Amino acid sequence: MTIFFAILFSVSTLVFAAGLAMKIAQYARTPAPLKIPTTPAPLTKGGVALRLGREALLFESLFRGNKPLWLFAFVFHLGLAVVLIRHARYFETQVGPLVALVQPLAQPAGLAMVAGLALLLVRRLVVERVRYVTGPSDILMLVLLLGIGVSGMLMKCVVHTDIVAVKAFFTGLMGFELRPLPADPLLGLHLLLVCLLMIIFPFSKLLHAPGLFFSPTRNQTDNPREVRHLAPWAARLEEKG
Amino acid sequence: MAAAPFDIPALGDPAEHPIPALKPGAMAASKPYVAAEAHQQPLGFPGELTEGWEKRAVEHMGSLVSKYRSLQVYMDICVKCGACTDKCHYFLGTHDPKNMPVARADLFRSVYRRYFTPAGKIAPGLVGARDMTKDVLDEWFNYFHQCSQCRRCSVFCPYGIDTAEISMAARDIMDSIGQGQKYCNEIIGKVHKIGNNLGLPAPALLDTLEGLEEDMLDDTGVAVKMPIDVEGAEVLLVTPSADFFAEPHVLGLMGYAKVFHAAGVSWTLSTKASEAGNFGMFIGNYDQMKKISMRIREAAQELGVKRIIFGECGHAWRVAYSFLNTLAGPWDFLDPRYPVPQHILEFTNDLIERKGIKLDKSGNDGMVLTVHDSCNVARGARMGDRPGGQFTIPRAVIQASVPKFVDMHPDTICDKTFCCGGGGGLLTDELMELRVKGASPRMEALKDVVDKQGVTHMAAMCAICKAQFTKILPYYDFDREMVVSVHQLVSNAIILGDND
Ligand code: SF4
Ligand code: SF4
């Protein structure tokens, strides 16, 4: 089990990092030939940063668009954020201040994450319009995340695993050193699902996380009259006359 | 009321806006006429579908996805959350689930997935990937011509996914394989051949302008001019050709002329740029957009003007405000003290603020006005120097011209405005059912202020909105003359003669 997970974890981390980097590079390389911010839009770069910040942290547009969905999504993502920060302690020898800060929130955050996901899943199955646009992959993705959340919560609250050994395994792995992983089926399931998630991340709709920052309707400055905006391929057209 | 061969949606209370139950296939039969070879070829598109079009469509898709970041990102990141599902006026009016923005975009996305993503190549069923087939193409033709590219969906999407961008790309792909839409392509052909969307030749234009000058002289006793092709004028006015043609558009044109006259600014129209509209945007074709925009540059250079001002037209203003600098700039030969281009409402509002013109509201006595924010102005462009100027400036001009103004329900105005139902190249008779049904959210909000606040007229600042409303208002038991140009109100209120 130790060797299997050592390999799987290394591979999936690699796929996740490389895949994501490739996608981000692709977004960054693809030109935006025309100015298309959804107006009213900020006139300055600082304004754009604020707009994107509000979208990323508060889900501003979603709040305007659908309040129940906003609540479910917000609860899930907030829980996820806390849980992720908390997980840093399994990778660092010295527990950082942020991790220490969220430590007491771990359990409620885990619950919020699972509850948010469950609500999102129910909504997907119950609301006719949303069911119509739902594909098998959308359901599987929620189930996968739920599986990770539930197995994690079970380990935290019900059948405790040898967390010291888990930490040793991961800190060891980062130093290319093999230390034994506890042979706990729940832990195995949890890690397996996490690896799966990392592998599909760069090929799935989970790309919405980096994608938001590349969305031209949200990240462009509203200054087309002041500044001429010309994509490289459009500039080449111009030279040809 | 016109007897329609389809149901007219019942209008409820805009504050409640119930979300309709799905009626799959309700609009599966709605489609515009396919462009004939005669409409395709002048634009450099193939005349019809030929052997191997599937492959060419996929290739063109690949090239667009690599050229447009919007498309690439929007193909990948939609989470199918459904926040956009109840935002499209065509879905609200027709109940056809394929008119939900995400479902519309998925028609395109399913093909993108199949050919350009690992998941779609390995497990098409899992991620809803589809081969490019004739059935898929037919669906594209129907439903990408049931999108007015109004961008209302993009306002509410957590990632700003703009289905209009996807519709444009789909239409460009269809054009590139010989399955164009007649209405748009025929019009673009007329712009290239005759100079404007309506196909009005220069002599007809001159005739019309002379007639309008006579009308204004009779009405006001003042010799307001309508100059055309005047070299050395300060301002080149580029306006939708509907302004030369039909009411209420033409009443707005007289309004612009009176404002220029009262302000003492020399101006001219141009036979070469006798059209502000740029249907290149509706078909998502960069080359066409550029070519149509270049006429304006050439006209400005030939006439030696110092400024360019656009008349009342929504998509024309979006192309002008957001794209003209890109497509036909740089504009360094014009007077740098003015933005290029300006909107006529910016010009008029500035004069009102500086007291450069005087308005007398009694010219519009008895009228209670509301305003329809045109989508392409509201969500795609700006006026003035502050965000949201496109909402405040038209309202300021209207309020200065009329005795009473009220806004429609807040969920239906400004950046949440509902499309007139005829934008995006859908203003064609064979799409009448779609146009009437798609207008229902706007009609609902209008009826609300008519019933509760005594509104008598609705001002519009877009040629397409005006044309659409005059046609569909009777279906909802309203008088077609309810819709007015913003500058028609200015025209009625402006005091001519004593401004010197
Ligand atoms: S752009 Fe407008 S018409 Fe098109 S899908 Fe979005 S809301 Fe509907
Ligand atoms: S709101 Fe945006 S992310 Fe959500 S389904 Fe619609 S297009 Fe997709």
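In this dialogue a visitor and a guide walk through a predicted model with chains A and B.

Visitor: Hello! Where should I start with chain B, and which domains does the assignment give?

Guide: Welcome! A domain assignment splits a chain into parts. For chain B it gives domain 1 (37–187) and domain 2 (195–406 + 455–493). The C-alpha centres of domain 1 and domain 2 of chain B are 32 Å apart.

Visitor: How many residues of domain 1 of chain B are in contact with domain 2 of chain B?

Guide: 17 residues of domain 1 of chain B are in contact with 14 residues of domain 2 of chain B. Between them, the two domains bury about 1500 Å², with 52% of it on carbon and sulfur atoms. On the side of domain 1 of chain B, R151(B), M168(B) and I187(B) lose the most area to domain 2, together 34% of what that side buries.

Visitor: How many salt bridges and polar contacts link domain 1 of chain B and domain 2 of chain B?

Guide: The rule finds 0 salt bridges across this interface of chain B, while 7 residue pairs, both at pLDDT 80 or more, are in polar contact between domain 1 and domain 2 of chain B. Try colouring the helices as well: α9 (152–156), α10 (163–176) and α11 (182–193) of chain B each supply at least two residues of the side of domain 1 that touches domain 2. The most comes from α10(B), with 5 residues. By residue class, that side of domain 1 of chain B has 9 nonpolar, 2 polar and 6 charged residues.

Visitor: Now the two chains. How many residues does the contact take from chain B and from chain A?

Guide: It takes 80 residues from chain B and 60 residues from chain A. About 5500 Å² is buried between the chains, and carbon and sulfur atoms give 57% of that area. In chain B, the residues that lose the most area to chain A are R69(B), Y286(B) and T326(B), together 12% of what that side buries.

Visitor: And how many salt bridges does the rule find between chain B and chain A?

Guide: There are 5 salt bridges across this interface. One to look at joins D415(B) and R64(A), where the closest N and O atoms are 2.9 Å apart. Polar contacts between chain B and chain A come to 41 residue pairs, both at pLDDT 80 or more. Helix α15 (residues 314–328) of chain B gives the most to the side that touches chain A, with 8 residues. That side of chain B divides into 42 nonpolar, 17 polar and 21 charged residues.

Visitor: What does UniProt place along chain A?

Guide: An unreviewed UniProt entry places "transmembrane region" at residues 6–25, 69–88, 108–127, 139–166 and 186–204 of chain A. You can compare such a record with the model. Residues 69–88 of chain A are 95% helix and 0% strand, with end C-alpha atoms 29 Å apart. Residues 139–166 of chain A are 82% helix and 0% strand, and their end C-alpha atoms lie 30 Å apart. The unreviewed entry also places "domain: NarG-like" at residues 67–209 of chain A, a span that is 74% helix and 0% strand.

Visitor: Which backbone details should I look for?

Guide: Most residues other than glycine have a negative phi, and most peptide bonds are trans. Now for some exceptions. The bond from T39(A) to P40(A) is cis, and P40(A) lies in the loop between α1 (2–29) and α2 (45–58) of chain A. E247(B) and P248(B) are also joined by a cis peptide bond, with omega about 5°. P248(B) sits in the loop between β1 (235–238) and α13 (249–263) of chain B. Finally, F176(A) has a positive phi, near 55°, and is found in the loop between α9 (163–174) and α10 (185–200) of chain A.

Technical notes
Residues numbered from 1 in each chain as written. Chains lettered and ligands numbered in written order. Predicted model: local features only at pLDDT ≥ 70, side-chain atom pairs only at ≥ 80, totals over all residues. Heavy atoms only, no water. Domains from an automatic or database assignment. Contact = heavy atoms within 4.5 Å. Buried area = accessible area lost by both parts, 1.4 Å probe. Salt bridge = Lys/Arg side-chain N within 4 Å of Asp/Glu carboxyl O. Polar contact = N/O pair within 3.5 Å; in protein donor to acceptor, adjacent residues only side chain to side chain. Helix = DSSP H or I, 4+ residues; strand = E, 2+ residues; numbered from the N terminus. Nonpolar A, V, L, I, M, F, W, Y, C, P; charged D, E, K, R; others polar. UniProt positions renumbered as here; feature names shortened; annotations may be inferred.
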